[in-house]
Amino acid sequence: MSMTMLMITIGVPMFSYDFMRTAFVAGGVVAVLSGVVGFFLVLRGQTFAGHALSHVGFTGATGAVLFGLPPLWGLVGFTVLAGFIMGLLGEKLSGRDVAIGMMLSMALGLGLLFLHFYTAYASQAAALLFGNVLGVSDAALWTLVALTVLSLGALAFISRPLLFLSLQPELAEAKGVPARFVATAFLVIVAIAVAECAQIVGVLLVFTLMVGPAAAAQRLTTHVGNGVALAMAFALVEAWGGLALAYATDWPTSFWITALSALIYFAALAQEPVLRWRRGPIKV
Amino acid sequence: MTAISCEKVSVTLGGRDILSLVDLAIEEGEFIGMLGSNGSGKTTLMRAILGLVPLQSGVLRVLGQPATRGNPGVGYMPQARGNLAHIRFSGWDYVAAAAGGKGWGLPRLDAAQKRDVDWALDMVGAGELARRPLAEMSGGERQRLLLSQALLGRPKLLLLDEPLSNLDPRRQSGVVEIVRRLSKELGFAVLFSAHELNPLLNAIDRVLYLGGGKALLGSVDEVITGPALSRLYGAEIDVVRLGGRIFVMAGEVDVEHDAHRHEDGHAHEHDHAHDHDRSSDVLL
């Protein structure tokens, strides 16, 4: 069967479903934001912050559900607040892994308690922890689109000082870059990306869309612009590929996204020695 | 116009007096070697000149203006840290991150800024480093990139914080020569902090010695003498001149093995212990 035939036999029926079309748009919108934000997150060595924010988001989402609000609002509200606080604390947080770990465990525990009071316990928990891209409502889709546009705009605005600050913090400060403001604004943007990501792959698997594509991209190019574009492209391939594979196999979308993310990352790792060899020997 | 002038400058950090009532004037185009034991305030003085730490009292003028962040006439090369070894961007992209200064928006450079990056790389002979990723460079090559980054904007005053640390003696003299040549060619003043005086001896116009919160600025013959340094530190200090080299030592510490290591390379029982201390000739 040719590729075209395959695309027609799977693609046409797949896109005849409303929820599949919504899922593709939602997945695409979130992947673009995750790829770009993740690029800076990996560059700054702050992947742990992304992880931490997703745990806090779980508390927010379950709390929102308990009060009859859309979980996305709780997710965004809590992660943004936590991102803002983390930005203000800045350096004070570094090296306090145990204290942070305890807070995160407590955040998950609180989320569990909120779920306990909620009746549709199991399905809601699974959706929050492992994502439910096929269950994205029209209202949620518009929220995702609006948040993505807003976040990308904000990131574009701070991207020059953010890049400078990430590569040369002392020099950037000396040149007048408002370091605390830029770092805090970035963490708020990360918080929004994490909240969006949790909608697609769940709070436990945020790493797969935020960090995987960006880390693979940084292995493959030495240029900033190419790196951002590649991270975005990988995230898109993973999100859409995951959806298509889930449709074809009936296995969970999040599983396929994690599988593709790991595949691309480890392929990038394996590719690197080849690239280096072709560039010629390393001078020491 | 003086490059740097301090009048009764005091800086307190965390309740400790780092600089107290320091007076000094560094002229335009002068090459100053800054020495002093760890914690004597070398980095603090640089950060004060950059406007990054507030003064307790006194007046600090830089290129005729009060010290403030973002003075375009001041170039700065922070002390290199290990984190550069993980950056996979090319040398060009790394240097270019600083070219836009503190401006907002996307990290795009216009034609003039791109030429500036090329120029800065050429000035330190790093044109061929431009395409290679930082992660694959040696310490000396990264040091040259940092130096070229400090040249962006064609400063009138260059602050170099320990540019010789972690370099072997041959590369140390290479860095000193480049800075000396550029200072003459481009006519900027240099404040060059170091642990050891000897690599700088033939390049500097004057030496600035920090200790006990005080500063001593003058020619090598004026400043590097037993009585002058003993007064500065309030402790017995001896200065030994040996074959065009100068060794500074605190009363009881024997400097002999240092001389041996440099002069004839003899191995002896102190070698191992000494390796950890080789960067310091002030044994206080």
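A good place to start is chain B, where six strands form an open sheet in the order β6-β7-β8-β3-β9-β10, with mixed pairing. Keep in mind as you look around that this is a predicted model. At the edges of the sheet stand β6 (74-77) and β10 (214-218) of chain B; each has a single partner strand, so one side of each is left without a neighbour in the sheet. Direction ignored, neighbouring strands here are turned by 15° against each other on average.

Now let us walk through some of the strand pairs. Strand β7 of chain B, residues 157-160, runs parallel to β8 of chain B, residues 189-193, and four bridges join the two. To find this pairing in the model, look for Leu160(B), whose bridge partner in β8(B) is Phe192(B).

Another pair to visit involves the edge strand β10(B). Strand β9 of chain B, residues 206-211, pairs with β10(B) over five bridges, this time in the antiparallel sense. Here Tyr209(B) can serve as your landmark: its bridge partner in β10(B) is Leu216(B). Follow the chain from β9(B) to β10(B) and you trace a hairpin, with two residues between the strands. Gly212(B) sits in that turn and has a positive phi of about 55°.

The sheet has a helix lying across it as well. Helix α4 of chain B, residues 139-151, lies across β6 and β7 of chain B. Relative to β6(B), this helix runs at about 165°.

Turn next to chain A, whose secondary structure comes to 13 helices and zero strands. Reading along its sequence therefore gives the pattern α-α-α-α-α-α-α-α-α-α-α-α-α, where each α is a helix as assigned by DSSP. Of the 284 residues in chain A, 49% are buried. Its contacts also reach along the sequence: among those with a separation of 6 or more, 75% are between residues 24 or more positions apart.

Finally, where do the two chains touch? The contact takes 23 residues from chain A and 26 residues from chain B. On the side of chain A that touches chain B, the elements giving two or more residues are α7 (138-167) and α8 (169-174) of chain A. Of these, α7(A) gives the most, with nine residues. Sorted by class, this side of chain A has 13 nonpolar, six polar and four charged residues.

Methods:
Residues numbered from 1 in each chain as written. Chains lettered and ligands numbered in written order. Predicted model: local features only at pLDDT ≥ 70, side-chain atom pairs only at ≥ 80, totals over all residues. Buried ≥ 20, exposed ≤ 12 C-beta atoms within 10 Å, placed from the backbone. Contact = placed C-beta atoms within 7 Å. Nonpolar A, V, L, I, M, F, W, Y, C, P; charged D, E, K, R; others polar. Pairing = 2+ DSSP bridges. Axes fitted to C-alpha atoms, helices over the stretch in contact; angles between N-to-C directions.
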